[in-house]
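User: Could you walk me through this model before I set anything up? I'd like to start with the sheet and then look at the pockets.

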Amino acid sequence: MPERKRIKIKGIVQGVGFRPFVFRLAKELALSGFVRNTTAGVDIEIQGSRKRINLFLRRLEREKPRPAIIESIKVVESTLRSGGDFVIKESKKTAGFTQISPDIATCEDCLREMNSPRDRRYGFPFINCTNCGPRYSIIYTTPYDRKRTTMRKFKMCPDCTAEFNDVYDRRFHAQPDCCPICGPRYSLYSIKGKLIDDNADTLIKKTARLLREGRIVAIKGLGGFHIACDATNQRAVRRLRRLKNRPTKPFALMVRKSCLSGIVELGAAERELINSPVAPIMLLKKRGKHVCEDVAPNNPYFGVMVPYTPLHHLLLDEIPYLVMTSANIQDE
């Protein structure tokens, strides 16, 4: 005898590939119903045998996407409906509010695509999928859908649209999905507003060359700007200290992953955490002499992060050690 359940889920369940995961799980178990985002979280209605619904509920928690955090699941009986398939419904505004996922560091699958000359997103500094990319920094309001993010200005090309609608694609319902044809672009400007370069094929290398020459560059990230300079260039680091009126306070570093062990001590726990989707800034004990002492004078530790956006990875492939400090005015 079939049953139908209504399931309300709260937590970080939007912007983390939760609806596609639910869709695929329901399809695999031959259950009908729907899933949708709401202002309060995620709503699911599921219909089928009791055995399969119970299995669905167990696997829902056990196999959820890695960035998802389920805080509560409420299950109640619902009225049986005839026939139908399982679908993703349009989001619905309701009472309450939901948490939005923090921005997630670029995943290994996207990095492989970005570094593959045969891939259509080769070298693309805005590559993302349901497992990574901007979330909190691009959203205007909930429920989390493209039309409620800054990406609403960018209409997906036919290839991206096909990915977005393919249930078996990694970018199924990835709201920031884009490519070099339909996505945002970076440009390089002088401090006086003169355009230096907006060619994706040359911009990264030109920026790296400027940094190696001792220049200071403001880099737009997910949530704001970093001020960057070559962390091995003592003159550049000291100039940045003068400009920021920051005589001794340590600067944060961004370091190419393969170069981490050359400047800091890393145990297994530290290595796992710094390479996680959270990609935190970590205080790690100094070692080696690759980075100049002026980055963190008279201090046994560096504040270190690894690249967490595609642009960072592209830039750090060219220049492995960068000071990355806030662009905020001092003390603000």
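User: What is the strand order in the open sheet of 5 strands?

Analyst: The order is β4-β1-β3-β2-β5, and the pairing is mixed; strands here are DSSP E runs of at least two residues and helices H or I runs of at least four, numbered from the N terminus, and two strands pair if DSSP finds at least two bridges between them. Please keep in mind that this is a predicted model, in which local features need pLDDT of at least 70 and side-chain atom pairs count only at pLDDT 80 or more, while totals for chains, interfaces and linings use all residues. Residues are numbered from 1 along each chain as its sequence is written, and side-chain values use heavy atoms, with hydrogens and water left out.

User: Which strands stand at the edges?

Analyst: Those are β4 (69–77) and β5 (86–88), and because each has a single partner strand, one side of each is left without a neighbour in the sheet. The partnership of β4 with β1 (residues 3–12) is antiparallel and runs over 8 bridges, with I9 having I73 in β4 as its bridge partner.

User: And what does helix α1 lie across?

Analyst: Helix α1 (residues 18–28) lies across β1, β2 (32–38), β3 (41–48), β4 and β5, and runs at about 170 degrees to β5. Such angles go from 0 to 180 degrees between N-to-C directions, with axes fitted to C-alpha atoms, for helices over the stretch in contact, where contact means heavy atoms within 4.5 Å. Helix α2 (residues 50–62) also packs on the sheet, touching β1, β3 and β4.

User: Switching topic, which residues of α5 are buried?

Analyst: In α5 (residues 203–212), the buried ones are L203, I204, T207, A208, L210 and L211, buried meaning under 20% relative accessible area with a 1.4 Å probe, protein chains only. Elements covering them include β8 (217–220), β9 (225–230) and α8 (310–316).

User: How much space lies in the largest pocket?

Analyst: About 1,300 Å³, the volume being the space filled by probe spheres set on grid points that are joined across faces, edges and corners. On a 1 Å grid over the protein atoms alone, a pocket is an open set with protein on both sides within 12 Å along at least five of seven lines, a cavity is a set of points where a 1.4 Å probe fits but cannot get out, and lining residues have an atom within 4 Å of a point.

User: Which lining residues are closest to the pocket's centre?

Analyst: Of the 46 that line the largest pocket, they are Y186, A218, I219, K220 and F225.

Terms used
Buried means under 20% relative accessible area, exposed over 50%, partly exposed in between (1.4 Å probe, protein chains only).
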